[in-house]
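Student: Could you walk me through this one? I'd like to go from the overall layout down to single side chains.

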Amino acid sequence: MVLGLYLGVVHYIFGARRMMANHKSAPGVTFASDLRTVRVAGIFALGSFLAYLVLFLGIILMGMLLLPLAGIEVIQQVTGQKAASFDLPRSVTVAVSVVIYFTIFLLWSVVYNTFVTFPLMKHMATTITLPTHDGLAEISQVKRDEFAEAEGFAEALDLGAAI
């Protein structure tokens, strides 16, 4: 049931993209898309599994690393036994936990882009063809708009927004 729903949603989303690509045209140029639902579903399933596995393992690792630093009092209260204590300042514990936290989500983002976003982009790019391409020579770039404020600043600080 869940697998059928998953495949149905993926088929609907990428079927709509396939139909939109098949209906795009310009004078002398047409597009044809051959997106395959099973391939897209496989990319999503495997890539998401790997990305969330990294996230899960990172959270477990963060807990294992921070428990000795921040959880000494909790261990002593729960078990009633004295635990080995690290006499680190609270600011060091907070700084280490923030760095580990952001590192985990940065790694998750890298894995997700590597195994989901980029393979999907590659599959979409390789399945689109131009059956009629005689009008490509007439296509040109629009003249540049004059804009004096923060020109190029957004491109210089592109943090994955273009993907």
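**Helices, packing and surface**

Student: Before the details, where is Leu-55 found?
Tutor: This is a predicted model, so local features need pLDDT of at least 70 and side-chain atom pairs count only at pLDDT 80 or more, while totals for chains, interfaces and linings use all residues. Residues are numbered from 1 along each chain as its sequence is written, and side-chain values use heavy atoms, with hydrogens and water left out. Helices are DSSP runs of H or I with at least four residues, strands are runs of E with at least two, and both are numbered from the N terminus. By that scheme, Leu-55 sits in helix H2, residues 37-70.

Student: Is Leu-55 buried or exposed?
Tutor: Buried means under 20% relative accessible area, exposed over 50%, and partly exposed in between, using a 1.4 Å probe and protein chains only. Leu-55 comes out at 13% relative accessibility, so Leu-55 is buried.

Student: Which residues is Leu-55 in contact with, leaving aside neighbours within four places in sequence?
Tutor: Contact here means heavy atoms within 4.5 Å. Leu-55 and Ile-104 are 49 residues apart along the chain, yet their C-alpha atoms are separated by 6.5 Å. With sequence neighbours within four places left out, the contacts of Leu-55 are Ile-104, Phe-105 and Trp-108.

Student: And Ser-48, which residues does it touch beyond four places in sequence?
Tutor: Ser-48 is in helix H2 too. It has a relative accessible area of 19%, so it counts as buried. Skipping residues up to four places away, Ser-48 touches Ile-43, Tyr-112 and Val-116.

Student: Let's move to H1. Why do the buried residues of H1 fall on the same side?
Tutor: H1 covers residues 2-22 and reaches 30 Å from first C-alpha to last, close to the 30 Å expected at 1.5 Å a residue; the expected span is 1.5 Å times one less than the number of residues. Its buried residues are Val-10, Phe-14, Gly-15 and Ala-21. They share a side of H1 because the arc they cover around the axis is only 135°, taken from the directions from the helix axis to the C-beta atoms.

Student: Which residues are exposed on the other side of H1?
Tutor: Turn H1 over from its buried residues, Val-10, Phe-14, Gly-15 and Ala-21. The exposed ones there are Leu-5, Tyr-12, Met-19 and Met-20.

Student: How far apart in space are Phe-14 and Met-124, C-alpha to C-alpha?
Tutor: Phe-14 is buried at 4% relative accessibility. Leaving aside neighbours within four places, it is in contact with Leu-35, Val-40, Phe-44, Leu-120 and Met-124. Phe-14 and Met-124 are 110 residues apart in sequence, and the C-alpha separation is 9.5 Å.

Student: How far apart are the closest N and O atoms of Arg-36 and Asp-34?
Tutor: A salt bridge is a side-chain nitrogen of Lys or Arg within 4 Å of a carboxyl oxygen of Asp or Glu. That rule gives a count of one salt bridge. Arg-36 is partly exposed, with a relative accessible area of 43%, and Asp-34 is partly exposed at 45%. Arg-36 forms a salt bridge with Asp-34, and their closest N and O atoms are apart by 3.5 Å.
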